[in-house]
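Please open the model in a viewer and keep the sequence panel visible. The stops below are arranged as a series of selections.

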Amino acid sequence: MPGTPAASGAGILPLPERAGSRQMEGPPPLSAMTRARFPAQARLHRPSEFAAALKGRRLARGAMFVVSAAAPADEADPTARLGLVIAKRFAPLATTRNAIKRVLREAFRHQRQGLPARDYVVRLHSRVTPATLTALKRAVRSEADALFGRIAK
C-alpha cells in the first residue's frame with residue numbers, strides 16, 4: 001500500500017558500518033597451501049582408460065582395496081593418474097562411498113609424485129564393515145597409504 005512505512009522504506013534500517021571494514025571484491029587470494037587440489041590431469045576420465053587399467057597388472061591388494069595399473073594412455077604427458085571404482089554393492093550408503101573416494105584421492109595426491117607414471121585404478125573388493133565415518137576414514141587412509149607406499153618402492 002502506498003502510504004505505509006514498509007512501502008516507503010521508512011521501517012527498514014540500514015546496516016551500521018563497522019570501523020575499519022572495507023568491501024571485498026571477489027574471493028580472498030589463496031595461498032599455496034590452500035590450493036592443494038586434485039587436478040583433472042591426475043584422473044582417469046574415459047571408460048576405455050578404466051578398462052585398460054583394470055586389465056593391467058594387479059600391483060597391490062589389501063583388506064578393502066585392489067590396485068591395478070596399466071601404462072599411461074597419454075605417452076606425451078606421462079604422469080600418475082587415478083581412477084576409483086567404489087561399488088554400491090560393497091558400500092551401500094552414498095555418504096560412505098563419497099567419504100572413501102575423498103580419502104583415496106587425498107592419499108593419492110600426497111604420494112603421486114613418488115609413484116611411477118601409470119594409470120591406477122583402486123577398486124573396493126569387500127563389503128565395508130559398519131563403523132563410524134571417522135573410523136572408516138582412518139582405516140581407508142591407513143590402507144591407501146600402505147598400498148601406495150608398496151607401489152612406490
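Of the 153 residues of the protein chain, 32% count as buried, where buried means under 20% relative accessible area, exposed over 50%, and partly exposed in between (1.4 Å probe, protein chains only). The model is predicted, so local features need pLDDT of at least 70 and side-chain atom pairs count only at pLDDT 80 or more, while totals for chains, interfaces and linings use all residues. Residues are numbered from 1 along each chain as its sequence is written, and side-chain values use heavy atoms, with hydrogens and water left out.

Begin with a cartoon view of the whole chain. Four helices and four strands are present, and along the sequence they follow the pattern α-α-β-β-β-α-β-α. Helices (H or I, at least four residues) and strands (E, at least two) are DSSP runs, numbered from the N terminus. Among contacts between residues at least 6 apart in sequence, 79% join residues at least 24 apart; contact means heavy atoms within 4.5 Å.

**Helix α2**

Select residues 47-55, which form helix α2. Which residues of this helix are buried? They are Glu 49, Phe 50 and Ala 53. Seen down the axis of α2, these buried residues fall within an arc of 100°, so they line one face of the helix; the arc is that of the directions from the helix axis to the C-beta atoms. In general, an α-helix has 3.6 residues a turn, so residues three or four places apart point the same way. Rotate to the other side of α2 to find Pro 47 and Lys 55 exposed. To see what covers the buried residues, add strands including β2 (65-70), β3 (81-85) and β4 (119-124).

**His 45**

Step back to His 45, in the loop between α1 (5-8) and α2. At 49% relative accessibility, His 45 counts as partly exposed. Leaving out residues up to four places away in sequence, His 45 touches Ala 40 and Phe 50. Select Gly 83 as well: 38 residues separate it from His 45 along the chain, and the two C-alpha atoms are 7.7 Å apart.

**Val 121**

Next, select Val 121 in strand β4. Val 121 is buried, with a relative accessible area of 0%. Beyond residues up to four places away in sequence, its contacts include Phe 50, Ala 53 and Leu 54, together with Val 66, Val 67 and Ser 68, and also Gly 83 and Val 85. Ala 52 lies 69 residues from Val 121 in sequence and 9.6 Å away, C-alpha to C-alpha.

**Met 64**

Move to Met 64, in the loop between β1 (57-61) and β2. Is this residue buried or exposed? At 13% relative accessibility, Met 64 counts as buried. Apart from neighbours within four places in sequence, Met 64 is in contact with Arg 123, Leu 124, His 125 and Ser 126, and with Ala 139, Val 140 and Glu 143. The C-alpha atoms of Met 64 and His 125 are separated by 5.8 Å, with their positions 61 residues apart along the chain.

**Helix α4 and the aromatic cluster**

Select Gly 149 in helix α4. At 23% relative accessibility, Gly 149 counts as partly exposed. Its C-alpha lies 9.9 Å from that of Ala 60, a residue 89 places away in sequence.

Now show Phe 108, Tyr 120 and Phe 148, which ring pairs link into a cluster. The structure holds two aromatic pairs; rings of Phe, Tyr and Trp (its six-membered ring) pair if their centres lie within 6.5 Å.

**The largest pocket**

For the last stop, select Leu 93, Thr 96, Val 128, Thr 129 and Pro 130, which lie nearest the centre of the largest pocket among its 13 lining residues. The elements giving two or more residues to this lining are α3 (94-111) and α4 (133-152). How do the lining residues divide by type? Nine are nonpolar, four are polar and none is charged. Here Ala, Val, Leu, Ile, Met, Phe, Trp, Tyr, Cys and Pro count as nonpolar, Asp, Glu, Lys and Arg as charged, and the others, Gly among them, as polar. A pocket, on a 1 Å grid over the protein atoms alone, is an open set of points where a 1.4 Å probe fits, with protein on both sides within 12 Å along at least five of seven lines, and lining residues have an atom within 4 Å of a point.

Note on methods. Rings of Phe, Tyr and Trp (its six-membered ring) pair if their centres lie within 6.5 Å; planes under 30 degrees apart count as stacked, over 60 as edge-to-face and the rest as tilted.
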